[in-house]
Amino acid sequence: MPNKINIDTAKCVGCGSCEGACPFGAISVKEGKAVIDAAQCRLCGSCVQACPVNAIVMQKEETKNGIDKTQYKGVWVYAEQRHGEISSVVYELLNKGSELAKTLNVALSAVLIGSNISQKAQDLINRGADKVYVYDNPVLAEFQDDPYSCILANLIKEEKPEIVLMGATNIGRSFASRVAAKIYTGLTADCTALEIDLETKNLLQTRPAFGGNIMATILTPNHRPQMATVRHKVFKEAQAVKGRKGEIVNKTIYAQTIINRTKFLGFFKDESADVNISDADIIVSGGRGLGNADGFKLVTELANLLGGAVGASRAAVDSDWIGYSHQVGQTGRTVAPKIYVACGISGQIQHMVGMSSSDTIIAINKDKDCPMVKAATYSLIGDLYEIIPAIIKELKNKGK
């Protein structure tokens, strides 16, 4: 689905606004009219936004057979960072991205955008990236949708990867759709599984649908790149290999050409949440089977003895038995602890999506046929108000 930029010479007044806005030097004013050098144009749209008389228009062209997919090659991971710290979801995406790249027999690349972050490029190579594109400029110190999406969209147009992956974080969700819109491709949000169809080389993008009641596999068969955001903790992190070899490509931007419709005023860290269950190695969660809010006293005591965090099902949170920051599931946090203890949780698909990557699942439930018991590594069938106190007593005795 190629595009082109048209200039309405009848409207053009030769003011030069477009010439100053183009970061690639692809447009100039000759004999009082704007002229585009097609060989230099990257279709970024800067001139379209800069034109004060709307004489420049981005025209989307449909082709009968779609794009030439053979021009697109490689798997990319957007290396999200904030204030110089790489988000852990990036390492998870590098792990899965490496698998996809090996299946396709292509390179795995990462894109790093920010200020004073060049030294982080080697960390991405250590985690599996074969190439890292780095945009390091003070103007990019704080994430903002307009400049970041323009930079990534332009790079995608230049290099033509076949797959682009981002974390389904606040940042990823904010600007992934903007990038997809700029390059006229599809985007599958909040994926929980990614695989390659070996026959077509399409990316099979699986995500919860219809409120989490089914798992849908979505394809982007006619456009490239194939873009997806992936939930945190769905995949394991790539292991670091110190000194791994890879290519670092330092890219240059011209700050004066960046169009930004917002002004960054300040950054305020959210201190309201009293727990971060996403990073816990052990989680003890309570559900509707607790019967009331007092049941979380037992759950909390067990979690403290195990050195873990307290989680909850949506039903428990909706009943105001515990705060939202503890919620595990599709509409809460995705977790992947070493041990997940589910107390009185039946295991609806919305909850299972959020914790199915746990190494060991222990279910405590009266219902031996519920989904959580069937998915568990170990199951304790019975009254949780008898089982949990017995476990707590045994742990306390061992601690003496």
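The bend at a residue is the angle between axes fitted to the seven residues ending there and the seven starting there, and helices (H or I, at least four residues) and strands (E, at least two) are DSSP runs, numbered from the N terminus. The model is a predicted one, in which local features need pLDDT of at least 70 and side-chain atom pairs count only at pLDDT 80 or more, while totals for chains, interfaces and linings use all residues. Residues are numbered from 1 along each chain as its sequence is written, and side-chain values use heavy atoms, with hydrogens and water left out.

**Exercise 1.** Locate the kink in helix α6 and describe the surroundings of this helix.

Solution. Step one is the axis: α6 spans residues 170-182, and its kink of about 25 degrees is centred on A176. Step two is burial (under 20% relative accessible area, with exposed over 50% and partly exposed in between, for a 1.4 Å probe and protein chains only): A176 is itself buried, as are I171, G172, F175, V179 and A180. An α-helix has 3.6 residues a turn, so residues three or four places apart point the same way. Step three is the cover, where contact means heavy atoms within 4.5 Å: the elements over these buried residues include α5 (145-159) together with the strands β5 (75-78), β6 (81-82), β10 (163-167), β11 (187-191) and β15 (226-230). Finally, just after α6, Y184 takes a positive phi of about 55 degrees.

**Exercise 2.** Determine how many cavities of 30 Å³ or more there are, and characterise their linings.

Solution. On a 1 Å grid over the protein atoms alone, a cavity is a set of points where a 1.4 Å probe fits but cannot get out, and lining residues have an atom within 4 Å of a point. Grid points are joined across faces, edges and corners, and a volume is the space filled by probe spheres set on the points. The count by this rule is two. The largest cavity, of about 80 Å³, has 14 lining residues, with I5, C22, A26, C41 and C47 nearest its centre. For the classes, Ala, Val, Leu, Ile, Met, Phe, Trp, Tyr, Cys and Pro count as nonpolar, Asp, Glu, Lys and Arg as charged, and the others, Gly among them, as polar; this lining then has 11 nonpolar, two polar and one charged residues. The second largest cavity has a volume of about 60 Å³, and of its 13 lining residues C12, C15, C18, C51 and I56 are closest to the centre. Its lining divides into 11 nonpolar, two polar and no charged residues.

Terms used. On a 1 Å grid over the protein atoms alone, a cavity is a set of points where a 1.4 Å probe fits but cannot get out, and a pocket is an open set with protein on both sides within 12 Å along at least five of seven lines; lining residues have an atom within 4 Å of a point.
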